[in-house]
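This note is meant for a colleague who has not yet looked at the structure. The points below are numbered so that each can be checked against the view.

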Amino acid sequence: MAVSPDGKQFLGNNGSGSSYTLWDANELSVVDQFDNAILSDSYTKYMTTPVYSPNGRYVAYATEFDDDLGSVMVVYDLKNRHFSHQLPMLKKTSGLAWSPDSEEIVIWNYGRLIKYNLDDDEVVQQGEVKGQDGADRMF
């Protein structure tokens, strides 16, 4: 479950499957529902908690593959109602955080930090976090 920065909407998953529902917080009515376009329910092991961008336009989350071969970070554009970005990962993604200007996402991915720029649609920086198991086997 995640609440938009302005508190007017919230986003949730029923705990199984690969879809999210966007709710109007005041009316408690469904605004939108979107399925994970990347993976089907049968191939989704888990989905991270969605994280709203500070400007409220995007929500990002990661989905781990059922075969433990990796995950994918996806960004859903709430304004245009479509998946705008996706970034395949080789291992489990544990967390996501947005930059204050909503232009970059930092991804914690199995002992590595990866900074992804939405405008350029590319990884702009990445590095190993010392002392984390598996970090040396990531890439």
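Is Trp-23 buried, partly exposed or exposed? With a relative accessible area of 27%, Trp-23 is partly exposed, because that category covers values from 20% to 50%. The points that follow concern a predicted model.

1. Overall composition. The protein contains zero helices and 13 strands. Read from the N terminus, its elements therefore run β-β-β-β-β-β-β-β-β-β-β-β-β, under the assignment of strands used here. Of the 139 residues, 42% are buried. The accessible surface amounts to about 7,400 Å², and carbon and sulfur atoms account for 45% of that area. Where contacts link residues at least 6 apart in sequence, 31% of them join residues at least 24 apart.

2. Aromatic pairs. The count of aromatic pairs in the model is four. One of them is stacked, because the rings of Phe-10 and Trp-23 have centres 6.1 Å apart and planes at 10°. Phe-10 belongs to strand 2 (residues 9–12) and Trp-23 to strand 3 (residues 19–24), so this pair ties together parts 13 residues apart in sequence. Phe-10 has a relative accessibility of 19% and so counts as buried, whereas Trp-23 is partly exposed.

3. A second aromatic pair. Tyr-20 and Tyr-61 form an edge-to-face pair, with 4.8 Å from centre to centre and 65° between the planes. Distant parts of the chain are linked in this way: Tyr-20 lies in strand 3 and Tyr-61 in strand 7 (residues 58–65), 41 residues apart. Both partners are buried, Tyr-20 with a relative accessible area of 2% and Tyr-61 at 0% relative accessibility.

4. The loop residue Thr-48. Thr-48 is found in the loop between strand 5 (44–47) and strand 6 (51–52). Its relative accessibility is 9%, so Thr-48 counts as buried. Beyond its neighbours within four places in sequence, Thr-48 is in contact with both members of the edge-to-face pair, Tyr-20 and Tyr-61, and also with Ala-62, Thr-93 and Leu-96. The C-alpha atoms of Thr-48 and Met-1 are 9.9 Å apart in space, while the two residues are 47 apart in sequence.

5. Val-51 in strand 6. Val-51 is placed in strand 6 and is partly exposed, with a relative accessible area of 24%. Not counting residues up to four places away in sequence, Val-51 touches Tyr-58, Val-59, Ala-60, Leu-96 and Trp-98. Val-51 and Met-1 are 50 residues apart in sequence, and 8.9 Å separates them from C-alpha to C-alpha.

6. The four-stranded sheet. Where does the part of the chain from strand 10 onward fit? An open sheet of four strands has the order 10-11-12-13, with antiparallel pairing. Strand 10 and strand 13 (122–128) are at the edges with a single partner strand each, so one side of each has no neighbour in the sheet. On average, and with direction ignored, neighbouring strands of this sheet are turned by 20° against each other.

7. Pairing within that sheet. Strand 10 (residues 93–98) and strand 11 (residues 104–109) pair in the antiparallel sense over five bridges, with Leu-96 opposite Ile-107. Five bridges also join strand 11 to strand 12 (residues 112–117), again in the antiparallel sense. In that second pairing, Trp-108 stands opposite Leu-113.

8. The hairpin turn. Strand 10 and strand 11 form a hairpin with five residues between them, and Ser-102 in the turn has a positive phi of about 65°. Ser-99 is also placed in the loop between these two strands and is buried, with a relative accessible area of 15%. The side chains of Ser-99 and Asp-101 are joined by a polar contact of 2.5 Å. A polar atom of the Ser-99 side chain also lies 3.4 Å from the backbone nitrogen of Glu-103. Leaving aside neighbours within four places in sequence, Ser-99 is in contact with Pro-54 and Glu-104.

Key: Residues are numbered from 1 along each chain as its sequence is written. This is a predicted model: local features need pLDDT of at least 70, side-chain atom pairs count only at pLDDT 80 or more; totals for chains, interfaces and linings use all residues. Side-chain values use heavy atoms; hydrogens and water are left out. Two strands pair if DSSP finds at least two bridges between them. Axes are lines fitted to C-alpha atoms, for helices over the stretch in contact, and angles run from 0 to 180 degrees between N-to-C directions. Buried means under 20% relative accessible area, exposed over 50%, partly exposed in between (1.4 Å probe, protein chains only). Contact means heavy atoms within 4.5 Å. Accessible areas come from the Shrake-Rupley method with a 1.4 Å probe; for residues, only the protein chains shown count as cover. Rings of Phe, Tyr and Trp (its six-membered ring) pair if their centres lie within 6.5 Å; planes under 30 degrees apart count as stacked, over 60 as edge-to-face and the rest as tilted. A polar contact is a pair of N or O atoms within 3.5 Å; within protein, one must be able to donate a hydrogen and the other to accept it, and residues adjacent in sequence count only if both atoms are side-chain atoms.
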